[in-house]
Amino acid sequence: MYRILSWNVLYRDHELKYNPKSKILRKYPCEEDRVNDIVLILKEYVTRNTIVALQEVSTYIIRKLQKTFIKSHKVFVYN
């Protein structure tokens, strides 16, 4: 059986433009820290039979995910 996860990870530039006082920006002044946490969370929840649909994903996050999951999953990108 497959498990499907969906997550809007938030494109940082949009948050800076439209919600500059957001909790996410306060918690993660450094984007690299936020991306590392996103990857850690996904590593915890993603198994061999998991399909993940992410929205508002930056190129930086995509590259990090491709590098992290290269041996276990395929990362598809749609623009």
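Trainee: Which is Tyr-18, buried or exposed?
Mentor: Start with the cut-offs: buried means under 20% relative accessible area, exposed over 50%, partly exposed in between (1.4 Å probe, protein chains only). Tyr-18 has a relative accessible area of 61%. So Tyr-18 is exposed.

Trainee: What kind of model is this?
Mentor: Residues are numbered from 1 along each chain as its sequence is written, and side-chain values use heavy atoms, with hydrogens and water left out. Local features need pLDDT of at least 70, side-chain atom pairs count only at pLDDT 80 or more, and totals for chains, interfaces and linings use all residues, for this is a predicted model.

Trainee: In what order do the elements run from the N terminus?
Mentor: Helices (H or I, at least four residues) and strands (E, at least two) are DSSP runs, numbered from the N terminus. The chain has four helices and two strands. Their order is β-α-α-α-β-α.

Trainee: Which side chain makes a polar contact with that of Tyr-18?
Mentor: Tyr-18 is found in helix α1. A polar contact is a pair of N or O atoms within 3.5 Å; within protein, one must be able to donate a hydrogen and the other to accept it, and residues adjacent in sequence count only if both atoms are side-chain atoms. Here the distance is 3.5 Å, and the partner is the side chain of Lys-17.

Trainee: How far apart are the end C-alpha atoms of α3?
Mentor: The expected span of a helix is 1.5 Å times one less than its number of residues. For the 15 residues of α3 that gives 21 Å. The model agrees, because the end C-alpha atoms are apart by 21 Å.

Trainee: Within what arc do the buried residues of α3 fall?
Mentor: The buried residues are Glu-31, Arg-34, Val-35, Ile-38, Val-39 and Leu-42. Seen down the axis, they line one face of the helix. The face turned away carries the exposed residues Leu-40 and Glu-44. The arc, taken from the directions from the helix axis to the C-beta atoms, is 135°.

Trainee: Which element gives the most to the largest nonpolar core?
Mentor: A nonpolar core is a set of buried Ala, Val, Leu, Ile, Met, Phe, Trp, Tyr and Cys residues joined through side-chain atoms within 4.5 Å. The largest one has nine residues, including Val-9, Val-46 and Ile-61. α3 (31–45) and α4 (59–69) each supply at least two residues. With four residues, the top contributor is α3.

Trainee: Which elements do the buried residues of α3 pack against?
Mentor: Contact means heavy atoms within 4.5 Å. Take Leu-42: not counting residues up to four places away in sequence, Leu-42 touches Trp-7, Val-52, Leu-54, Leu-65 and Phe-69. Together, the buried residues of α3 pack against β1 (3–8), α1 (12–18), α2 (23–27), β2 (50–55) and α4.

Trainee: Which residues do salt bridges join into one network?
Mentor: A salt bridge is a side-chain nitrogen of Lys or Arg within 4 Å of a carboxyl oxygen of Asp or Glu. Glu-31 forms one with Arg-12, the closest N and O atoms being 2.8 Å apart, and another with Arg-34 at 2.9 Å. Glu-31 and Arg-34 are three residues apart in helix α3, so about one helical turn separates them. Shared partners make one network of Arg-12, Glu-31 and Arg-34.

Trainee: What is the relative accessible area of Arg-34?
Mentor: Glu-31 is buried, at 18%. Arg-34 is buried too, with a relative accessible area of 5%.
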